[in-house]
Amino acid sequence: MVKEKTIQEKIKDWEVADLPEDLRLEFANSSQSQLEDAFYQDLNFGTAGMRGLLGVGTNRMNIYTVAQTTEALARHMEKQGESAKQRGVVISGDSRINSELFKKISAEVLRAHGITVYLFNGPHPTPELSFAVMHLHTYAGIMITASHNSKEYNGYKLYGEDGGQLPPKPADEIVRERQEVTDIFHIKKVAGGIKKIGSEIDKEYLNQVKTIPINRDLIKKWGDKLTISFTPLHGAGGDLGSKALKEAGFNKILTVKEQFKPDGTFPTVKYPNPEFHEVFKISESYGADVELAVDPDSDRMGVGYRTKDGSYNYLTGNQIAALMVNYILTAQQKAGTLPKNGAIVTSIVSSNLPELIAKSFKVKQFTVLTGFKYIADKIVEFDKKQNYSFEFGFEESYGFLIKPFVHDKDAIQAITLMSELAAYYKDRGMTIGDGLDEIHAKFGAFAEETKATEFPGEKGQEEMTAVMTKFRNRGPKEIGNLKINLVEDNDLRIAKDLNTGATKKISLPRANVIKYWLEDGSWVALRPSGTEPKLKVYIGAKGENMSSANKRLDYLQTELEKILKK
């Protein structure tokens, strides 16, 4: 076991290293506190690989931390035998600052170990990387992206041979290998023998996206009438997204030209995150019936729609999922293609509404931990056992998967289905919002909100741990005037009924999540982010209608803030 270096020892190593000019200048101009933050830890692996600020230090995304992690992957693959090396790794990245550089470094480190490398030319979406891993039958995949974070960030996602993000066991093995890579400044690299890929994978991927539409007659009727604005938010999804919509039969696509060209500085938005309504500010001027936005690596989708008075409303990830589940199952039932063993998969912090919709169609719902790799695991399980047909998977954080030729969330698939869904309501003389009201009238009203509190730096990690420990050891018995009926602690893997004191084991894998079920059917959950120094608080409120559900949501938010401040 390699002895972990102190912060000052790490700083000294970098001080004497032959750094590139940009990192050398940053190091020289950093204060002591800035250096301590940059070196107090190595970048963590979380639910989606590692993600961090660009810059100098072991706690930053730079050529050395990327090379170190790739070297760990290479050593892991060598232990799996020659077959793993020959199958190789496919590497992609989005439009972010240094994505091309980090792709190149990763490729050259792997080639130094004689590992086959397929390298995407230029920016490409994350779901296409997942597709390519399965299509090329590689052992692993690397995606350089920080998803929806601001321009100061980049990241490194690792994918397994099933096309899903790397599961915990191999991820832990690679983390252990990384600890053994102590000389990060002299990792061997070889530039030759890299196989470039791009347009041929685009074609194969888009051929699969063509299978997304369910009611082609509906698209034929409205494809020349429904107006759709589409923005990739300066990311990698512009070309593929536009082609997917056109090939599906939607001909009135208004691409948001101000945000179409890949640009890692994201000049028109502070946060290229489709969860935020601000990203649609430019889109609104296009006057489309429906607005679609995808994040820089095109795995998340946001949706806006024009109301009858001409203004725009925006949907939450949970609302989009409810609409999609309802449409998929309705359309399949009408077409006679709804399978008898259908299943949807959702995360433990997502809305209960899609489950109610699925049950009404006799479709099974499965709950998994947060992280789309757990949804991918279910898909693999369904394929292996041949017991369920995957119909839909989602997380509340705007991630959706319609068909499992990708094993990660896929915004290209999502914009294609969402356009068909908009045509469905247009055909009925309704807006998307009217469709959501129709669902609420049938199944009940649900309002959800996710809040994130930042805990930066080494002290922040300690504070976040202390908050979770407090809730775990001395959690509340009520939130405001609402009694807590059940507490699910996924770290202890125990669910406790506060009315009877009875406990039962939770079957999900261990995870640092605490969920409280309230007497009225609402719920609250706390979860530290796996990729950012943030504590996420999720609230799901239930009401007779949206007005009462939103009131309950506001009330729970206020009362929970009081508890968090104690």
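## Helix 14 and its neighbours

The buried residues of helix 14 pack against helix 13 (317–335), strand 12 (342–347), strand 14 (389–395), helix 17 (432–443) and strand 16 (445–454). Packing here rests on contact, meaning heavy atoms within 4.5 Å. Helices (H or I, at least four residues) and strands (E, at least two) are DSSP runs, numbered from the N terminus. Helix 14 itself covers residues 353–360, and its buried residues are Leu-353, Pro-354, Ile-357 and Ala-358. Looking down the axis of helix 14, these buried residues fall within an arc of 135 degrees, so they line one face of the helix. The arc is taken from the directions that lead from the helix axis to the C-beta atoms. An α-helix has 3.6 residues a turn, so residues three or four places apart point the same way. Just after helix 14, Lys-362 takes a positive phi of about 60 degrees.

A word on the model: it is predicted, so local features need pLDDT of at least 70 and side-chain atom pairs count only at pLDDT 80 or more, while totals for chains, interfaces and linings use all residues. Residues are numbered from 1 along each chain as its sequence is written, and side-chain values use heavy atoms, with hydrogens and water left out.

## Another one-faced helix

Now turn to helix 3 (residues 32–39), where the buried residues are Leu-35, Ala-38 and Phe-39. "Buried" means under 20% relative accessible area, "exposed" means over 50%, and "partly exposed" is in between (1.4 Å probe, protein chains only). Seen down the axis of helix 3, the buried residues fall within an arc of 85 degrees, so they line one face of the helix. They pack against helix 1 (7–16) and helix 2 (21–28).

## An open sheet with a helix across it

Next comes a sheet: 6 strands form it, it is open, and its order is 1-5-4-2-3-6 with mixed pairing. Two strands pair if DSSP finds at least two bridges between them. Strand 1 (50–53) and strand 6 (195–197) are the edge strands, each pairing on one side only. From one strand to the next, the twist averages 20 degrees. Inside the sheet, strand 2 (residues 89–93) and strand 3 (residues 117–120) pair in the parallel sense over 3 bridges. One bridge to look for links Val-89 with its partner in strand 3, Val-117.

Helix 6 (residues 99–111) lies across strand 2, strand 3, strand 4 (140–144) and strand 5 (153–159), and runs at about 165 degrees to strand 2. For such angles, axes are lines fitted to C-alpha atoms, for helices over the stretch in contact, and angles run from 0 to 180 degrees between N-to-C directions.

## Where two helices cross

Helix 6 also packs with helix 4 (residues 63–80), at an angle of about 35 degrees and with the axes 9 Å apart. The crossing of helix 4 past helix 6 is right-handed; in a right-handed crossing the near helix is turned clockwise from the far one by less than a right angle, and in a left-handed one anticlockwise. Which residues make the contact? Helix 4 brings Ile-63, Val-66, Ala-67, Thr-70, Glu-71, Leu-73 and Ala-74, and helix 6 brings Leu-101, Phe-102, Ile-105, Ser-106, Val-109 and Leu-110.

By class, this contact of helix 4 with helix 6 has 10 nonpolar, 2 polar and 1 charged residues. Here Ala, Val, Leu, Ile, Met, Phe, Trp, Tyr, Cys and Pro count as nonpolar, Asp, Glu, Lys and Arg as charged, and the others, Gly among them, as polar.

## A covered strand

Strand 23 (residues 534–543) is mostly covered, with 8 of its 10 residues buried. It runs antiparallel to strand 16, and 10 bridges join the two. Phe-446 has Lys-542 as its bridge partner in strand 23. Strand 22 (residues 523–528) also pairs with strand 23 in the antiparallel sense, over 6 bridges, and Arg-527 stands opposite Lys-536 in strand 23.

## A loop and the helix after it

Most residues other than glycine have a negative phi, and most peptide bonds are trans. Leu-233 has a positive phi of about 50 degrees although it is not a glycine, and His-234, also not a glycine, has a positive phi of about 70 degrees. Leu-233 is found in the loop between strand 7 (228–231) and helix 11, and so is His-234. Are they buried or exposed? Leu-233 is buried, with a relative accessible area of 0%, and His-234 is buried at 2%.

Helix 11 (residues 238–248) holds Glu-247, which is partly exposed with a relative accessible area of 39%. Leaving aside neighbours within four places in sequence, Glu-247 is in contact with Leu-206 and Lys-210.
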